[in-house]
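Me: I have a protein model open and I'd like to learn how to read it. Can you walk me through it, one feature at a time?

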Amino acid sequence: MKKLSLAELKGRVSWGSVFGGVMTVLAISVLLSILNSSIGLFMFDPLSGHPASGIGTAVGIGSAVILITGMAAGGFVAGKLAGMDGMIHGFLVWATTLIVAVVLGVFLAAGAVKMTANALGAVSSVTGSVLSGTGNAVGSGISALSEEAEEVFGKIHFNATLKEENIPQNIRAALVKSNVKELHPDYLKKQLEEVKDDLSKSVKTIVASPQDTDEAVNDFLERLKQRAENLSQNIDRNDLAKAIANNTNMSKTEADKTVEQYMNLIDNARIEAGKQMDNLEANLQKAVQEWKEIKHKALVAADKATDAAARSALISFFAILFGAVLCCATGAYGSRKTQERVDI
């Protein structure tokens, strides 16, 4: 058995042969990818109910065939040019081609060398577009959910106005001076305005993060419930009478009459505000039910997309693996043909 030196071992790899094999893969991929694209375009029927039906499957199968065909031809060329160790040279063609596909895929994402990367799409799509397509689907899915959330919750409107009551100016000034916020003439109106602002902020949160919709809605409903409970609390008549007596020149009879009139006004306004908040809660609950249906449909679609991506990834794995085996086998066959010719 002859012992080989390190220099001789290094010389056994013919990178020129590997380069020739890679160029063969790329050339065949360019040619067949054009044919594959034309088949996909012929299958597109804009007049049918599902114009793109079957195109993805056909193009995916075509890409796998292109990969396997190109690898087989590239491995054979590299093995035949090298004339020795065809299996190793075929494997190097396979590995180098995949690296080139990944590098060009990065350039494609950056917007450069699009023509070259598109030409190599038949090879790189078997590996890269499974991931990039899934990522695009996820991004599109999130964007679609945001639009759906804005459509469902953005149409909810809350009326923060109350019927204006004629409150004498001296009574209004007396209630303001009391420093009891519940007695302030505009207390109920401010509470409703806070509810409207809170609703607007909650809707923005939902649109920005549709995955957190349930939490945002529950938090808002909890705050709404607390505000409704605060509004339902009765005003202390003694505090009201004291505020009017201390800050006006009314007699006791006039003050008692004013207290009774103002209590009626407050009760009517509180009932109206309560109705508005109840309507808001009902509309929000209705929107939540609609949102649950939309989210369920989105989850079903996402599950189907995930299964399709998993199947594509599995097919891609076996196609690439088979391409490696075939590349090695055709490389060995090519080198054997060269050796037979030299022997002759």
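**Reading the model step by step**

Reply: Sure, let's begin with what the record says. UniProt, in an unreviewed entry, places the feature "transmembrane region" at residues 12–35, 55–79, 91–113 and 313–334. Keep in mind that this is a predicted model.

Me: What is the chain made of over residues 313–334, helix or strand?

Reply: That stretch is 100% helix and 0% strand, and its end C-alpha atoms sit 31 Å apart.

Me: How many helices and how many strands does the chain have?

Reply: There are 11 helices and 0 strands. Read from the N terminus, the order of elements is α-α-α-α-α-α-α-α-α-α-α.

Me: Next up, burial. How much of the chain is buried?

Reply: The general idea is that a residue counts as buried when its relative accessible area is under 20%, as exposed when it is over 50%, and as partly exposed in between. Here, buried residues account for 34% of the 344 residues.

Me: Let's try salt bridges. How many does a search of the whole structure find?

Reply: For this you look for a side-chain nitrogen of Lys or Arg within 4 Å of a carboxyl oxygen of Asp or Glu. The search turns up 5 salt bridges. Take Glu-290 and Lys-155: their closest N and O atoms are 3.6 Å apart. Glu-290 belongs to helix H11 and Lys-155 to the loop between H6 and helix H7 (169–177), so this pair ties together parts that are 135 residues apart in sequence.

Me: Are those two buried or exposed?

Reply: In between! Glu-290 has a relative accessible area of 30%, so it counts as partly exposed. Lys-155, at 47%, is partly exposed as well.

Me: Which residue does Asp-198 meet in a salt bridge?

Reply: Its partner is Arg-223, with 2.7 Å from N to O. The pair links distant parts of the chain, since Asp-198 is in helix H8 (residues 187–208) and Arg-223 is in helix H9, 25 residues apart. Now apply the burial cut-offs: Asp-198 has 10% relative accessibility, so it counts as buried, while Arg-223 has 34% and counts as partly exposed.

Me: Which residue forms a salt bridge with Asp-214?

Reply: That's Lys-295, and the closest N and O atoms are 2.9 Å apart. Asp-214 lies in helix H9 and Lys-295 in helix H11, so parts that are 81 residues apart in sequence get tied together. Both ends are partly exposed: Asp-214 has 33% relative accessibility, and Lys-295 has 27%. There's also a network to spot, where salt bridges that share partners join Glu-194, Asp-198, Arg-223 and Arg-227.

Me: On to the surface. Which residues gather in a patch of negative charge?

Reply: With a charge patch, you look for like charges that gather on the surface. In this model, Asp-212, Glu-215, Asp-219, Glu-222 and Glu-229 do so, giving a patch of negative charge. One of them, Glu-215, is found in helix H9 (residues 213–232). Its relative accessible area is 52%, so Glu-215 counts as exposed.

Me: And which residues form a nonpolar patch on the surface?

Reply: Those are Leu-314, Phe-317, Phe-318, Leu-321 and Val-325, which together have about 500 Å² of accessible area. Phe-318 lies in helix H11 (residues 252–343), and its relative accessible area of 48% makes Phe-318 partly exposed.

Me: How do I read residues that are far apart along the chain?

Reply: Compare the separation along the chain with the C-alpha distance. Arg-336 and Gly-79 are 257 residues apart along the chain, and their C-alpha atoms are separated by 8.0 Å. Arg-336 is in helix H11 and is partly exposed at 42% relative accessibility. Glu-151 and Val-207 give another example: they are 56 residues apart along the chain, with 9.3 Å between their C-alpha atoms. Glu-151 sits in helix H6 (residues 121–153) and, at 52% relative accessibility, counts as exposed.

Me: One last feature, the backbone angles. What is phi of Asp-85 near?

Reply: Phi of Asp-85 is near 45°, a positive value in a residue other than glycine. You'll find Asp-85 in the loop between helix H3 (55–82) and helix H4 (86–109). Asp-85 is partly exposed, with 27% relative accessibility.

Conventions. Residues are numbered from 1 along each chain as its sequence is written. This is a predicted model: local features need pLDDT of at least 70, side-chain atom pairs count only at pLDDT 80 or more; totals for chains, interfaces and linings use all residues. Side-chain values use heavy atoms; hydrogens and water are left out. Patches are made of residues with over 30% relative accessible area and no salt bridge: like charges are joined within 9 Å, nonpolar side chains (Val, Leu, Ile, Met, Phe, Trp, Tyr) within 5 Å. Accessible areas come from the Shrake-Rupley method with a 1.4 Å probe; for residues, only the protein chains shown count as cover. Lys and Arg count as positive and Asp and Glu as negative; His and the chain ends are not counted. The place of a charge is taken as NZ of Lys, CZ of Arg, CG of Asp or CD of Glu. Helices (H or I, at least four residues) and strands (E, at least two) are DSSP runs, numbered from the N terminus. Buried means under 20% relative accessible area, exposed over 50%, partly exposed in between (1.4 Å probe, protein chains only). UniProt positions are given in the numbering used here, feature names are shortened, and annotations may be inferred rather than shown by experiment.
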